Amino acid sequence: MLVEQRLAAVGLDPGRADGVIDRQTRIAIRAYQEGRGLAPTGYLDQITVVRLLAEAIGGRLFD
């Protein structure tokens, strides 16, 4: 649910924050990755999770 909440907080639509990584969540993850210059896989990898959480505590740290 945290990932879905973070995606929504940055203006993406992961669907309902229910803890399920479904098609809509993957689309939002892919859009997040593309927007941050990451490989747009639609899957949560270590760098995607780190960046999502880092943005939550201190803004865009890896520009």
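This passage looks at the salt bridges and the nonpolar core of the structure, which is a predicted model.

Start with the charged side chains. The model holds 2 salt bridges. One of them joins Arg16 and Asp18, whose closest N and O atoms sit 3.5 Å apart. Arg16 counts as exposed because its relative accessibility is 66%, over the 50% mark. Asp18, with a relative accessible area of 27%, is partly exposed.

The other pairing brings together the side chains of Arg36 and Glu55, with 2.9 Å from N to O. These two partners are 19 residues apart and link distant parts of the chain: Arg36 lies in the loop between α2 (23-35) and α3 (46-58), while Glu55 belongs to helix α3. Here the accessibility values are low enough to fall under the 20% cut-off, so Arg36, at 17%, counts as buried. Glu55 is buried too, with a relative accessible area of 13%.

Now for the greasy side of things. The largest nonpolar core is made up of 6 residues, namely Val3, Leu7, Ala28, Ile29, Tyr32 and Leu52. Helices α1 (2-9) and α2 each supply at least two residues of this core, and the largest share, 3 residues, comes from α2.

Ile29, one of the core residues, also has a list of contacts worth a look. Once its neighbours within four places in sequence are set aside, Ile29 touches Leu7, Ile21, Gly42, Tyr43, Leu44 and Thr48. Among these contacts, Leu7 is a fellow member of the largest nonpolar core.

How values were computed. Residues numbered from 1 in each chain as written. Predicted model: local features only at pLDDT ≥ 70, side-chain atom pairs only at ≥ 80, totals over all residues. Heavy atoms only, no water. Salt bridge = Lys/Arg side-chain N within 4 Å of Asp/Glu carboxyl O. Buried < 20%, exposed > 50% of the residue type's maximum accessible area, 1.4 Å probe, protein only. Helix = DSSP H or I, 4+ residues; strand = E, 2+ residues; numbered from the N terminus. Core = buried A, V, L, I, M, F, W, Y, C linked by side-chain atoms within 4.5 Å. Contact = heavy atoms within 4.5 Å.
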